[in-house]
Amino acid sequence: MRVARRIEQLKPYLFVEINKKIAEKKAKGEEIVSFAIGDPDIPTPSRIVERLCQAARDPANHRYPESEGLPELHQAIAEWYKRRFNVILDPATEVLPLIGSKEGIGHIAFCFIDPGDIALVPDPAYPVYSIGTQLAGGRPYYMSLKAENGFLPNLTSVRDFILKQTRVLWLNYPNNPTGAVAELDFFNKVVEFARQNNILVCHDGPYSEVAFDGYQPVSFMQADGAREIGVEFHSLSKSYNMTGWRIGMVVGNAAAVGALRTLKSNLDSGIPQAIQYMAIEALNGPQDCVPEHNAIYQRRRDLIVEVLNRIGLEVTVPKASLYVWAKVPEGYNSVDLTTDLLEQVGVAVTPGVGYGQSGEGYVRLSLTIPDASLVKGLSRLSGWRNTRRLTLKK
Ligand SMILES: *Cc1c(COP(=O)(O)O)cnc(C)c1O
């Protein structure tokens, strides 16, 4: 048996080595405090879980689901976009529910990338943008996100011969892993750039509801003309602590949404219908859980930032997302520092290089760490000693 090249080419997961070290330590009975997991620790609000229990008892939901999603779910998504962003979407043609947004992010490459085509992909980034591109036979062209540009890509630096082969542009704000945000004037420029070069914009925005200090992230769909050249992926995972239920959506350009609908109708049979009812409840019901969770994350953010600055890991305070992106002190790279934190104080973080070459020089800490572990983790981090500083300054 020989696996296909598209599977062979998938590089072994970069965190394998670090996960191995964590497992060894745990096997020896050491307790590791992990800031490495980007998955909300707080459970799904009970009103949403109650709706599932109710829907699970209805035999109508035991059969194949409405595979494009229930019309009521399309409607709930469109109404949420109207309420939250004042963006008007046609529920039938400009909205498509997904089995978690990751599913759609991976699959849309098969709708727009032919072998040899290029997708512009930010570096560092969530890995699925480039993996989907590669699985479809395309090539990612990496756009480096730099601190001095607020972790926004410099679109004008992409050369013409690259643009001629480019079909898709990936963006993600509020950003994982850097915590950076984008404003409407940037998205307006993105629309202009995509129009000029005939490129589909795929904006991934699962953190639009996870924001602090009263800040409200914008949607790419608010940009002038966005629906003519782009789509936005969104998810209930981070907004309502629903990563385990697998509900996301894509909205925007009807032809692009339609292409993904066609692909998916040949591959899957939709979100289990009882779970679609959960999504409707999440979107239509009271929204108090959103600010409540954000207050918890904001408090954790402040505690983490304070300790990191004290031990010499420089950070920009994030306005949104679930992550703190911390600069590695001189004398370390991201893997060195991750290993050292693990060995010295039993704390796990994520090395930035795992998100791409331009993530080198940073580590990511997640705000989804339960409060009890957070306190322990911060006290351990406070005891970390930078052993490379003295040798370097000699
Ligand atoms: C968490 C995350 C997603 C995936 O969300 P699901 O809807 O749970 O699949 C997509 N993009 C980014 C950047 C994420 O961090």
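This briefing describes the surroundings of a ligand and two sheets in a protein structure. The model is predicted, and the values below were computed from it. Of its two open sheets described here, one has seven strands and the other has three strands, while the ligand is surrounded by 15 residues.

**The ligand and its surroundings**

- Among the 15 residues that surround the ligand, the closest are D204, Y207, S235, S237 and K238.
- Sorted by class, this shell holds five nonpolar, six polar and four charged residues, and helix α5, which covers residues 101–107, gives the most to it, with three residues.
- An oxygen atom of the ligand lies 2.9 Å from a polar backbone atom of K102, whereas the side chains of two other residues each bring an N or O atom to a ligand oxygen, at 2.6 Å for S235 and at 2.8 Å for R246.
- Taken alone, the ligand exposes 380 Å², and the protein buries 94% of that area.

**The sheet of seven strands**

- Strands of a sheet pair through backbone hydrogen bonds, and they may do so in either a parallel or an antiparallel way.
- This open sheet has the strand order β2-β8-β7-β6-β5-β3-β4, and its pairing is mixed.
- Strands β2 (95–98) and β4 (139–144) stand at the edges, and because each has a single partner strand, one side of each is left without a neighbour in the sheet.
- From one strand to the next, the twist averages 25°.
- Strand β2 is joined by four bridges to β8 (residues 248–252), and the two run antiparallel, with L98 standing opposite G248 in β8.
- Helix α4 (residues 71–85) packs on this sheet, where it touches β2, β7 (230–235) and β8, and its direction makes about 110° with that of β2.
- Helix α7 (residues 128–135) also packs on the sheet, touching β3 (118–123), β4, β5 (166–172) and β6 (200–204), and its direction makes about 155° with that of β4.

**The sheet of three strands**

- This open sheet has the order β9-β12-β11, and its strands pair in an antiparallel manner.
- Strands β9 (323–327) and β11 (350–351) stand at the edges, and since each has a single partner strand, one side of each is left without a neighbour in the sheet.
- Two bridges join β11 to β12 (residues 362–366), which run antiparallel, and the bridge partner of T350 in β12 is R364.
- Helix α13 (residues 289–310) packs on this sheet, touching β9 and β12, and its direction makes about 10° with that of β9.

Key. Residues are numbered from 1 along each chain as its sequence is written. This is a predicted model: local features need pLDDT of at least 70, side-chain atom pairs count only at pLDDT 80 or more; totals for chains, interfaces and linings use all residues. Side-chain values use heavy atoms; hydrogens and water are left out. A residue is near a molecule or strand if one of its heavy atoms lies within 4 Å of it. A polar contact is a pair of N or O atoms within 3.5 Å; within protein, one must be able to donate a hydrogen and the other to accept it, and residues adjacent in sequence count only if both atoms are side-chain atoms. Accessible areas come from the Shrake-Rupley method with a 1.4 Å probe; for residues, only the protein chains shown count as cover. Ala, Val, Leu, Ile, Met, Phe, Trp, Tyr, Cys and Pro count as nonpolar, Asp, Glu, Lys and Arg as charged, and the others, Gly among them, as polar. Two strands pair if DSSP finds at least two bridges between them. Contact means heavy atoms within 4.5 Å. Axes are lines fitted to C-alpha atoms, for helices over the stretch in contact, and angles run from 0 to 180 degrees between N-to-C directions.
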